[in-house]
Structures are given as structure tokens and as C-alpha cells.
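Subject: Handover of a structure and notes on its packing

Dear colleague,

Please find below the structure that I am handing over to you. My notes on it come after the sequence and coordinates.

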Amino acid sequence: MTTVEPIRNKSDIKKVEKVLASQSQRNLMLFVLGTNCGLRISDLLSLNVGDVRNKSHIQIIEKKTGKFKKFPINDRLKPMIENFVKGRRNAEPLFLSHWKHRLDRVTAYYLIRDACEKAGLQERIGTHSMRKTFGYHHYQQFKDVVILQKIFNHSSPQITLRYIGIEQDQIDYSYSNFIL
């Protein structure tokens, strides 16, 4: 199994968002929500309209861990969500396929990977890249591995740093700057 990478460069994130925005509001919403909340794709795809409409927080039971998770919807997401759910029923899936069924993870994988490819990214990208991108940039902004460890439910800070690619960044930097 190949490990996917976070999108480390904010300008690359914007490029991907631009590609997705040209495709559909759904694709852009999936990516922006995924990179701003750090949920696994299974949890993103299980959201219904009523889980996000007029809410200050998203509350879920994580599919993988069975643990309760609650987090605030940030100021960038609030207006996007409200626009995205206009005219939709609370009980319907937040992310619908073209056939009006719940979007599946394989389709989500292809749309994210395709958008990243069109944006010129060279990293190994998958749906999990959204979660890792959230973690990478959260760490870069706050430098608080402990809170990120709690957000991700990891058992140690080392696991979190390796997971978001910081450990590899540090190794690459060390090698690149070592001259004997």
C-alpha cells in the first residue's frame, strides 16, 4: 500500500480548489470541508444535510473508532455550507452522486486525484490527503502536536508527526543541509 501525502503548499491547495470549483460545487465543498476539518473520507461521506445546516459544530460518531467527535465549523466553511445546502432536505446525504445516491469513496478518490493531477501536483494523492493536509497546516500554524494528536485520536505525538509528513520533512531538511 502506498502512503498518500498532504498537500504542503498553500498555493497548490488553491490550484486544486480552482480546478474543483470549475467542475462542481459538490467537488469543491468536499475538498474544502475535508481540508478544513480533518475528517476521514468515510465520515465526510456519511454526513447528511441536517448534520451541517444552521450548525455551529459538526458532531459525529467516527466510523473507524466509534468515538464521539465534535468540532466547530470555521468561518470559511459556514457560508459555503449554507449556500451548498439551500433547497435540500435535512435527511439527504450531503454529498450526492450524479445518480442522487450517497457519493462513494471510490468516486471521491478519483475526483480528488484527478483535480490534483490537473492542478499539476506531483505528490501521491488520495482522499486521505485531505485529512493529512488539514493536519500538516494545523501543525504549521499552531506548532501544537499534542492538540493535533487529540484531534486525530493518535496514541503518541510521534505517530501524529509521521502521519502528517513532518517527520519526513525534517529528515529531508537534515539530508539536504548536511555537507561533509
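The notes below deal with the nonpolar cores, the helix packing and some individual residues. Please bear in mind that this is a predicted model.

I begin with the nonpolar cores. The largest has 39 residues, and those that touch the most other members are V16, L30, L33, L44, L47, L94 and F95. At least two residues of this core come from each of α1 (10-23), α2, α3 (41-45), β1 (57-61), α4 and α5 (105-118). Helix α2 gives the largest share, with 7 residues. Leaving out residues up to four places away in sequence, L30 touches I41, L44, L45, F95, L103, A108, L111 and M130. There is also a second, separate core of 10 residues, among them Y136, V145, F152 and I164. As general background, nonpolar side chains tend to be buried together in soluble globular proteins.

Helix α2 (25-37) also takes part in two helix pairs. With α1 it packs at an angle of about 150°, the two axes being 7 Å apart. Angles over 145 degrees count as roughly antiparallel, and α1 and α2 are therefore roughly antiparallel to each other. On the α1 side the contact is made by I13, V16, E17, L20, A21 and Q23, and on the α2 side by N27, L28, F31 and V32.

The other pair is formed by α2 and α6 (residues 128-142), which pack at an angle of about 45° with their axes 6 Å apart. That angle makes α2 oblique to α6, and α2 passes α6 in a right-handed crossing. Here L30, F31, G34, T35, N36 and C37 of α2 meet M130, R131, T133 and F134 of α6.

One residue of α2 deserves a separate remark. N27 lies in this helix and counts as buried, at 6% relative accessibility. Apart from its neighbours within four places in sequence, N27 is in contact with L20 and L111.

Next comes helix α4. Its buried residues, within the span 77-85, are L77, I81, F84 and V85. These four lie on the same side of α4, because they cover an arc of only 85° around the axis. What covers the buried residues of α4 includes α2. Just after α4, G87 takes a positive phi of about 75°.

Two of those α4 residues also appear among the contacts of V52, which is found in the loop between α3 and β1. V52 counts as buried, with a relative accessibility of 0%. Setting aside neighbours within four places in sequence, V52 is in contact with L47, I58, I73, I81, E82, V85 and L94. The C-alpha atoms of V52 and F134 are separated by 19 Å, with their positions 82 residues apart along the chain.

The last residue on my list is K67, in the loop between β1 and β2 (68-72). K67 is partly exposed, its relative accessible area being 42%. Not counting residues up to four places away in sequence, K67 touches I60, I61, E62 and N153. K67 and N153 are 86 residues apart in sequence, and their C-alpha atoms are 9.0 Å apart in space.

With kind regards

Note on methods: Residues numbered from 1 in each chain as written. Predicted model: local features only at pLDDT ≥ 70, side-chain atom pairs only at ≥ 80, totals over all residues. Heavy atoms only, no water. Buried < 20%, exposed > 50% of the residue type's maximum accessible area, 1.4 Å probe, protein only. Arc of directions from axis to C-beta. Contact = heavy atoms within 4.5 Å. Core = buried A, V, L, I, M, F, W, Y, C linked by side-chain atoms within 4.5 Å. Axes fitted to C-alpha atoms, helices over the stretch in contact; angles between N-to-C directions. Parallel < 35°, antiparallel > 145°, perpendicular 65-115°, else oblique. Left-handed = near helix turned anticlockwise from the far one by under 90°.
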